Amino acid sequence: MNYNITNILQGIWKLADQTGPVAIMEVCGTHTSSIRQYGIPSLLPPNIRLVSGPGCPVCVTSSADIAAAIALASLDEVIFTCFGDMMRVPNGDVSLYSLYEQGRDIRLVTSPLDALTIAQEYPEKQVVYFGIGFETTAPHTAVLVEKAAQAKVRNLSILNSHKTMPQAITALLQNESSIDALLCPGHVAAMIGAEAFAFVPEKLQLPAAIAGFAADEILAAILAIMDLLHKQKLDCVNMYPQFVTPAGNRSALNLLYRVMEPCDAIWRGLGSLPQSGLQFRPAYRDFEARTRFNIEKTETTEPKDCLCAAILRGKAIPPNCVHFSRDCTPDAPVGPCMVSSEGACAAYYRYREE
């Protein structure tokens, strides 16, 4: 869908003249990156503030899960597989990348099914796949587990750290008064459906718009939000209808919930949130790597003075952190928000004004 950016900006500025300060939270890390890449804050009236939320999958993966990944990747019999953006997340002085440099067998994958291929190629080894992310990636992990079960591959297991978005948004904002509206992630909505975000106006009493990721799509969603605020109307508008249907991708969701079920989960910066995670159903629990290798949960601490937790809650912005762009850079991150391209710190750093 093509939008006229000039007309959109004129509409936003006109409505902003009639409102007070407005804070809009983008809950998706991809939106955070796009907003910085396109310089969208510089196009908006000064009374509209965009706030990053807890939508970067790497950033919200708990330090305990990172510690478990490092413990598994340190085992001699294990080939550890993951996507590249997990490699530099630090846990103290150790990361998956530092283990790789020490010679541990850690391999990057471009698809979860790559882990199945590796397991079939190396039957004498144990292959572990690190599954992270929201409703957009969890069905792919479910496919991996179903195919491994069907092929009777016994040397593959999953460090399952998948999470679901609505529960985190609710926990973050149900008692929050500083956010006026939400920019909802188009790719998650494509999976779970536009109707799944009806809780934002109904339960949180906030207007919302589902947005794509191009500059004009984000700005069009902001205009829709400003219109809702101007009319004092509580609704969630689907501004990404070319990909988002009311009910979402039922086939993918059916597959996901055939393999996994909701469980409590620990989020970095948010703590334990009821029913916000995904665990394997009993028929597939043999694929859980923590159980197979008896990995105990460890108590870990965040890096000293690191503001990642506050940034994930929308309580701080990256330049507020004493580490930002000084001793914390994408090549040497102190906290996870500087690691992934979807992290707020990485987006601020990459598109900062020199």
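I began by fixing a term: a residue is called buried when its relative accessible area is under 20%. I also noted that what I have open is a predicted model.

**Strand β1**

I looked up strand β1, residues 22–26, and found that 5 of its 5 residues are buried, so by that cut-off the strand is mostly covered. I then checked the two faces separately, and both are covered, with Val22, Ile24 and Glu26 buried on one side and Ala23 and Met25 buried on the other.

I next asked which strands pair with β1. Strand β2, residues 48–52, runs parallel to β1 and is joined to it by 5 bridges, and within this pairing alanine 23 stands opposite arginine 49. Strand β7, residues 181–185, also pairs with β1 in the parallel sense, over 3 bridges, and there I found alanine 181 as the bridge partner of isoleucine 24.

**Pockets**

I turned to the largest pocket, which holds about 510 Å³ of space. Its lining counts 23 residues, and Asn160, Cys263, Asp264, Arg290 and Lys297 lie nearest its centre. I sorted the lining by class and obtained 8 nonpolar, 7 polar and 8 charged residues. Among the elements that each supply at least two lining residues I noted α5 (63–73), β6 (156–162) and β10 (260–267).

For the second largest pocket I wrote down a volume of about 270 Å³; of the 15 residues that line this pocket, Pro57, Gly133, Thr136, Thr137 and Glu342 are the closest to its centre. Strand β5, residues 126–133, gives the most to this lining, with 3 residues, and by class I recorded 6 nonpolar, 7 polar and 2 charged residues.

Note on methods: Residues numbered from 1 in each chain as written. Predicted model: local features only at pLDDT ≥ 70, side-chain atom pairs only at ≥ 80, totals over all residues. Heavy atoms only, no water. Buried < 20%, exposed > 50% of the residue type's maximum accessible area, 1.4 Å probe, protein only. Helix = DSSP H or I, 4+ residues; strand = E, 2+ residues; numbered from the N terminus. Pairing = 2+ DSSP bridges. 1 Å grid on protein atoms, 1.4 Å probe; cavity = no way out; pocket = protein on both sides within 12 Å on 5 of 7 lines; lining within 4 Å. Points joined across faces, edges and corners; volume = space filled by probe spheres on them. Nonpolar A, V, L, I, M, F, W, Y, C, P; charged D, E, K, R; others polar.
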